[in-house]
Structure formats: C-alpha cells, structure tokens
Amino acid sequence: MCYKFEKIAKNEHIVSEESKDAESERLKTEGNDAVKRSDFPEAIRLYTEAIHMNPLNMTAFGNRAQVYLKLSRFVDAERDASTVLTFISNSRSDDMDSLKVKALFRRGLARRSMGGLANLQRSLLDFKEIVS
C-alpha cells in the first residue's frame, strides 16, 4: 500500500515537471508573438515567466537577450546571452550550434554597444568564435 502511494506521488511530480515545461514553451511562444507586435515590455515579461517555469529553457533566455538589445539594455542582454553560453559549454549535447551562434552574436552586440575598449575587444572575441 505504501509502495502505491510513493509511485503515485512520483508520477504526479513527473506530470508537474512536464506541465511546467509545456507552460514554459507556451509562454515563450506568447513572448515571440509580443515581439512580432513590437510589445517589448510584454515580451520580456513573458520570457521571464517562461524562464521561471523552466530555468533550462535556453531559447527563452536567448530571445529575452534579443529584446533587451532592442531596448538598449545591453548589460541585461549580455547576462542572458552569457547564461545560454554557460549552459551550452556545460552541456553534452551537440545539437546546440544554432543557439550558440545566436548567443555569441547577441553577446557580441551587447558588449560592443556597452562601449569602452575592453568591451570592444571582448565583442570581437565573440564574433571571431562565430566564424571559426
């Protein structure tokens, strides 16, 4: 009897995680729609909610970085792009090339736009990694 209860509890946890992932994807899609309408504050809100539902939703981080760039919030854009790149460097998956290129490009743009020689040099390193 106790075994059945533990099994049910474990299954409910799995369903809960699956529903969080699905909700995160739904919020990310709504964020994409908000970007298409040029409603950037709403897009940031939706991407942020998607990230809270699933902190491993790297596409939401990357998309939010792009919106931050559009709003000239370069430090925030650099942070989100760096989060994606850190995740990718710690991941064992090989199917993240597109995500990596976008994150490097967005981080490079953010760094270049932040001004200063050091940021310019760091942005050039990101751009060089894209073409190598």
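A residue counts as buried when its relative accessible area is under 20%, as exposed when that area is over 50%, and as partly exposed in between. These words recur throughout this report, which describes a predicted model.

**Overall build**

The protein chain holds six helices and zero strands, so that, read from the N terminus, its elements run α-α-α-α-α-α. Of its 132 residues, 34% count as buried. Among the contacts between residues at least 6 apart in sequence, 44% join residues that are at least 24 apart. The chain exposes about 8,400 Å², and carbon and sulfur atoms supply 57% of that area.

**Salt bridges**

A search of the whole structure finds 14 salt bridges, and the table sets out some of them with the separation of their closest N and O atoms.

| Salt bridge | Closest N and O atoms |
|---|---|
| E25 and K28 | 3.0 Å |
| R64 and D80 | 2.6 Å |
| R79 and D80 | 3.5 Å |

The pair of E25 and K28 lies within helix α1, which spans residues 2-36, and because the two are three residues apart there, about one helical turn separates them. The partners fall into separate classes of accessibility: K28 has a relative accessibility of 13% and therefore counts as buried, whereas E25, at 36%, counts as partly exposed.

The salt bridge between R64 and D80, with closest N and O atoms 2.6 Å apart, links distant parts of the chain, since R64 belongs to helix α3 (residues 58-70) and D80 to helix α4 (residues 74-90), with their positions 16 residues apart in sequence. Is R64 buried or exposed? At 8% relative accessibility, R64 counts as buried, and D80 is buried as well, with a relative accessible area of 0%.

D80 also forms a salt bridge with R79, where the closest N and O atoms are 3.5 Å apart. R79 itself has a relative accessibility of 39% and so counts as partly exposed. Through salt bridges that share partners, R64, R73, D76, R79 and D80 are joined into one network.

**A nonpolar patch on the surface**

Which residues make the nonpolar surface patch of about 280 Å²? The patch is made by L117, L120 and L124. Of these, L120 has its place in helix α6, which covers residues 117-131, and with a relative accessible area of 37% L120 is partly exposed. Because patches are made of residues with over 30% relative accessible area, the value of 37% for L120 fits that requirement.

Definitions and conventions. Residues are numbered from 1 along each chain as its sequence is written. This is a predicted model: local features need pLDDT of at least 70, side-chain atom pairs count only at pLDDT 80 or more; totals for chains, interfaces and linings use all residues. Side-chain values use heavy atoms; hydrogens and water are left out. Helices (H or I, at least four residues) and strands (E, at least two) are DSSP runs, numbered from the N terminus. Buried means under 20% relative accessible area, exposed over 50%, partly exposed in between (1.4 Å probe, protein chains only). Contact means heavy atoms within 4.5 Å. Accessible areas come from the Shrake-Rupley method with a 1.4 Å probe; for residues, only the protein chains shown count as cover. Patches are made of residues with over 30% relative accessible area and no salt bridge: like charges are joined within 9 Å, nonpolar side chains (Val, Leu, Ile, Met, Phe, Trp, Tyr) within 5 Å. A salt bridge is a side-chain nitrogen of Lys or Arg within 4 Å of a carboxyl oxygen of Asp or Glu.
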